[in-house]
Amino acid sequence: MKQIGKRIREIRKQIGLTLQDLSDKVNLSVSYLSQIENGQVSLSINHLETIGRALETPLIDFFNGENGNEISLVRS
């Protein structure tokens, strides 16, 4: 969760949004968004999808590391 929250904060700041701006776009409280960014709460996929749309960011970008290649898929 901390990595996802950190990534949300990075993207939000890159596009110049405040927590209040994002809160207005996604209809989640500023305090809840702050807790998400600080990795203090679990985040539902629905909320992550909503945040992703507001940040114009594909969901996979929240899971990628700095190198962009830290996700792997293993099929059984």
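What covers the buried residues of H2? In this predicted model, the cover includes helix H1 (2-14), helix H3 (30-37) and helix H4 (45-54).

**View 1. The buried and exposed sides of helix H2 (residues 19-26).** Leu 19, Leu 22, Ser 23 and Val 26 are buried. Seen down the axis of H2, these buried residues fall within an arc of 105°, so they line one face of the helix. An α-helix has 3.6 residues a turn, so residues three or four places apart point the same way. On the other side of H2, Asp 24 and Lys 25 are exposed. Asn 27 follows the helix, and its phi is positive, near 60°.

**View 2. The packing of H2 and H3.** Two packed helices are described by the angle between their axes and the distance between the axes. For H2 and H3 the angle is about 110°, and the axes lie 9 Å apart. The two helices are therefore roughly perpendicular to each other. From H2, the contact involves Leu 19, Gln 20, Leu 22, Ser 23 and Val 26. They meet Val 30, Leu 33, Ser 34 and Glu 37 in H3. By class, the residues of this contact divide into 5 nonpolar, 3 polar and 1 charged.

**View 3. Thr 57 in the loop between H4 and helix H5 (60-63).** Thr 57 has a relative accessible area of 12%. Buried means under 20%, so Thr 57 counts as buried. Its side chain reaches the backbone oxygen of Leu 55 at 3.0 Å. Leaving aside neighbours within four places in sequence, Thr 57 is in contact with Ile 11, Gly 52 and Phe 62.

Terms used. Residues numbered from 1 in each chain as written. Predicted model: local features only at pLDDT ≥ 70, side-chain atom pairs only at ≥ 80, totals over all residues. Heavy atoms only, no water. Buried < 20%, exposed > 50% of the residue type's maximum accessible area, 1.4 Å probe, protein only. Helix = DSSP H or I, 4+ residues; strand = E, 2+ residues; numbered from the N terminus. Arc of directions from axis to C-beta. Contact = heavy atoms within 4.5 Å. Axes fitted to C-alpha atoms, helices over the stretch in contact; angles between N-to-C directions. Parallel < 35°, antiparallel > 145°, perpendicular 65-115°, else oblique. Nonpolar A, V, L, I, M, F, W, Y, C, P; charged D, E, K, R; others polar. Polar contact = N/O pair within 3.5 Å; in protein donor to acceptor, adjacent residues only side chain to side chain.
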